[in-house]
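Open your viewer, and let us walk through this model one chain at a time. Keep the selection tool handy.

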Amino acid sequence: MAKQATEKSAPPVETITIKIDGKEVEVPKTMPDPITGKPVATTMIQACKIAGIEVPHYCYHPKLPVAGNCRMCLVEFGMPAMGRDRKPILNDDGTPQVRKMTLPYEPGTPRGAIACATPISPGMEIYPNSPATKQMRESVLESLLVNHPLDCPICDQAGECKLQEYSVEHGQAESKFAETKVHKPKQVDLGPRIMLDDERCILCSRCVRFSKDIADDDALGFVNRGSYNTLTTFPGKPFDNNYTLNTVDICPVGALTSKDFRFQMRVWFLKETKSVCTSCATGCNITIGSREEKIYRYEPRDNDAVNACWMCDEGRLNYKWIGRKDRLTAPKRNGREGITWKNAIDDLATRLSEFEPKTTAIIGSARQTTEELYLLKKLADHLDAITDAPARVGEADKLLVNADKNPNANGALVTGFCSGEPGSNLSKIATDIRSGKIKQLIVIGEDVTKHGISAKLLEKVELVLVSDILPNETTKKAKTLLPGSAHAEKRGTFINVKGRLQRFLKAVEAPGDARPESEFLAELLTIVSGESYPSNPEGLFNKMAAETKALADVKWADIGDLGVDVKI
Amino acid sequence: MIVQRKELSWWERLYIPAIISGFRVTVRHFFKKKVTMQYPEERWVVPEGYRGAPYLVKDQDARTKCVSCQLCEFVCPPKAIKITPPGPKVNKSTGNVEKEPADFEINMLRCIFCGFCQEVCPEEAIFLQKDYSLTGESREEMIYHKDKLLELGGTHQDDIMKWAKKNQEAKAQGIA
Amino acid sequence: MEALSEANSIQAILLFGLLKVVMVVAVLMPMISYSVMAERRISAAIQDRIGPNRVGPFGLLQPIADGLKFLLKEDFTPNHVRKAYFWLAPAIAMVPPFLTIAVIPFGSTLGGQNMVIANLNVGILFTFSVVSLGVYGIVLAGYASNSKYPFFGGIRASAQMISYEIAMGMSVVPLFMLVGDLNLGKVIEYQASGAWLIFKQPLAFIIFLVAAFAETNRLPFDMPESETELVSGYHTEYSSMKFALFFLGEYAAMISVSALMVTLFLGGWTLPFMGLDTPATTILGGLLHIGIFVGKLSIFMGLFIWVRWMLPRFRYDQLMDLGWRRFLPLALLNIVITACLLWITR
């Protein structure tokens, strides 16, 4: 991700040539500060990253201010030797002489530098794989593990724990520590979503810096000294801002764990699917962790153009409805099951062909994928129907949360499903129903009784087709009810508030006979219009993009994992 | 390789030596002590290190040793093991071990008695014991759940008792 | 008894004939099942095992359990077989051995009745004609099964049985030249008055014995059903009671051929001492003679079972070679020699 950042930042004027692991590398002299964005001197760890060498680290995080307290990134390095005349001492062949840094009082012992906080300078040589560097890492790890409880079997971090990984990669097989370990509080209730195990903490202070500098809630800190140094909150003040669960992500060990995910499933069982959060119009990139068709967690996925590597707690925990037991699982007609999809769609197609123009309204949802909204728009054009999708407005914050709680309001605009702001046509539809001008209603993915069309009003129209995921007042009245899929159960695209077109993939199977809306809408539209609509999201997207001005030059394959910007 | 067929003598070709030796062998075996074991009454002495059915054990303090780390579930080649983790609810009874499986299933129809679960277990909570003839009247019956596994597994003498030791140390340092 | 003997001869023949048939079948059926049992136990012993010993005391009820199992199993007919023949074959396999028993005197007299169901004066000819029918059951089974292994088995069986019938038939010719009669009762009388024919005609006995193994498809001549190459030969496609009929047929054939050997070579129901070589006058004596007959029969049954584990299976060409190029000339030579001897001694 940091690599992404460097690629995207404007090329700095000045570069410095240094030697890393014996190879000459040209690196920018400065790089933007993660918090302020101002150029600051490039550090050794960043230079190594550019050179393609990962220096092990705990406290360093590319999106957080540098603290330099874990010492894990210690590397041996050398500087060009200076003569008394402040001129470089040259070798016999004319190259500058480089001296490995050693302790001033112990000239045989190499002096390492923490790569995360040491700026590079011209002629510098870094030895990230030298024996001395390896020994320093080994010793640092030994020191970090002195009081570590080694309770990996009961630790949720096991499997994605940096302490485990570096111990295997850089540590020793055996512990020399024979004394009694210092014990610290376990199962500390830090806040409504966070559980802390102080024994596992390696005091890297990532969480402290995140809370202070990113979440702007200076809630965490260390107390006591030496081996008794302990992470804690202010007494009586819970750690409960809307971004607390990010500390769980950045905690390199199992000290901070999510109460929601705690002891639910081991991480190595989770299938990771690239997806997008649907809780607001920001469209944070997420990774869905699922196993055996059950979703266990959302985690933020790095995307500097959208959410860097953070997401809000609210969005992160908004997944449980997908696995609810009362999901709609079978197509129904007049409230009864027992019809097949083919039957239902054929019947619908016949019914739709009987409609008179301008007597139909289609209410969609800005939570549907762009492809689905496109299909609905096409259906509306065919029936000469009035369309709209309800708006969802909530509170915004300074970091990620957007006031628009629909993930795809811009998708509705781009496809023309909503002509202006979502929800602006709803009152007109209600009036037309009341006056009898609209005789048929199609509702996809919304409970219209909560958006100005009361249950009583619904009785005045023929509720031809309703599709939803969970049962509600509208689905009860549907003539034909088709079960849809949640975003985690299908593929598709959303366009976020800033006009970024993002793709999400399928993590789990939809329950029962539920199908992606894009699939059955495409089938229905193919019959109704006589034009062929592909029922797979790739084909559908490409067809839509070819017909839509804003998406004109985008193909499904071009979207990639990080999405592309489109003009709205 | 060509094996030359032995030329048979006149006497051998009469087939009588074959009959005689055949008779000798059969008579010898007819009167020999029989090797059959009268199974349900007589049973093998199961040797040390025999890999029979895997069961869960408790330690001498009657604590369920399994902490639901799910390594056995991960390593199990036929996917016979299914563990239901306890979930986020804090269980006071488990003390500093924090975790105990909500359910632990071994499908004995799937189990191949490879012993990987025992080998991988960091808590010495599962052992391949000496049971070798498992019977049941349905597939469901052959899925052994946590209670049955613990009952069959019995107690395992733990010489280290690492969790109890940790607890003791923590108490001595004034951390409850 | 008096009333019975006073009844007219046709009624007596019908009544006693029926009685003897019932008695023979009643003895024969358990004998077959217990020879299966015996085979299993002896085979087990030779293989250092114990064998079936769980059903009843010493496992003696095992044959009943086996029978029940055969009866209760699903009577499955594969779809690809020729149905009518498929059903017919086991029945045909079962019948000839039983018919053979009809002419064999299995005792002297019991209550004034000859202990033979049909005292035919062409007994041995009848026997051979009936034995030659045995092949039809097997060939039919092989054909009806409509799959390759049974078919191979059937073909092999027909070739093998026809070949050895000739050697077998030739081997007994000298016997009847000596006896001068084809009635099996007379053969026994002849032996009772002199030495058993096994001593007079050892070569004929050996040929007959070997041919008997080949005729009954027993090891070392079980080519028609050799598991290692033909799965189960002609009864591969058979199961449940139809398979059981083949099984019974095989053991009944063993019994009938053993009975024939006892009659032809071992003096039938006689023993050459304690006056046991003359027809019994008391009921006890009659039963004793039947006992002697069954005893001698059991020796041959034991031999059949034992040989199974003694000798490996012959190769097919070796089998045919033995039948046609060894035993047939030998049997013919034996006839000539016997004829010459009879001509000289006359």
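The tour below takes the chains in turn, with a few stops at single residues.

**Before you start**

This is a predicted model, in which local features need pLDDT of at least 70, side-chain atom pairs count only at pLDDT 80 or more, and totals for chains, interfaces and linings use all residues. Residues are numbered from 1 along each chain as its sequence is written, chains are lettered from A and ligands numbered from 1 in the order in which they are written, and side-chain values use heavy atoms, with hydrogens and water left out.

**Stop 1: select chain A**

Show chain A as a cartoon, and you will find 16 helices and 27 strands. Both kinds of element are DSSP runs numbered from the N terminus: helices are H or I with at least four residues, strands are E with at least two. Turn the chain along its principal axes, where its C-alpha atoms fill a box of roughly 95 × 55 × 35 Å.

Now colour three ranges separately: domain 1 (14-145), domain 2 (181-323) and domain 3 (332-565) of chain A. These bounds come from an automatic or database domain assignment. Over C-alpha atoms, the centres of domain 1 of chain A and domain 3 of chain A are separated by 55 Å.

Switch on the surface next. The accessible surface of chain A comes to about 25000 Å², and 51% of that belongs to carbon and sulfur atoms. Such areas come from the Shrake-Rupley method with a 1.4 Å probe, and for residues only the protein chains shown count as cover. Of the 568 residues of chain A, 55% count as buried; buried means under 20% relative accessible area, exposed over 50%, and partly exposed in between (1.4 Å probe, protein chains only).

Colour the charged side chains too. Chain A has 76 positive and 76 negative charges, and their mean positions are 2 Å apart. Lys and Arg count as positive, Asp and Glu as negative, while His and the chain ends are not counted. The place of each charge is NZ of Lys, CZ of Arg, CG of Asp or CD of Glu.

**Stop 2: zoom in on A:E489**

Where in chain A is A:E489 found? Look at the loop between β24 (480-483) and β25 (492-495). A:E489 is buried, with a relative accessible area of 3%. To see what surrounds this residue, select A:I322, A:R327, A:K506, A:V508, A:E509, A:A510, A:P511 and A:P516, which are in contact with A:E489 once its neighbours within four places in sequence are left aside. Contact means heavy atoms within 4.5 Å.

**Stop 3: select chain B**

Trace chain B from the N terminus, and its elements run α-α-β-α-β-β-α-β-β-α-α. The radius of gyration of chain B is 27 Å, well over the 16 Å that the globule rule gives for 176 residues, so this chain is more spread out than a compact globule. That radius is taken over C-alpha atoms, and the rule is 2.2 Å times the number of residues to the power 0.38. Along its principal axes the C-alpha trace of chain B spans about 100 × 35 × 35 Å. Buried residues make up 35% of the 176 in chain B.

Two residues here are worth a click. Select B:Y15 in the loop between α1 (10-13) and α2 (16-30) of chain B. B:Y15 has a positive phi of about 80° although it is not a glycine, and B:Y15 is partly exposed at a relative accessible area of 25%. Then move to B:F113, in the loop between β3 (103-107) and α4 (116-120) of chain B. B:F113 is not a glycine, yet has a positive phi of about 55°; its relative accessible area of 27% makes B:F113 partly exposed.

**Stop 4: select chain C**

In chain C, look for 14 helices and two strands. A compact globule of 346 residues would have a radius of gyration near 20 Å, and the 21 Å of chain C agrees with this. The C-alpha trace of chain C spans about 60 × 50 × 45 Å along its principal axes. On the surface, carbon and sulfur atoms account for 72% of the roughly 16100 Å² that is accessible in chain C.

**Last stop: show every chain**

Which pair of chains has the most contacts? Of the two pairs that touch, chains A and B have the most. Chain A and chain C do not touch, and their nearest C-alpha atoms are 37 Å apart.
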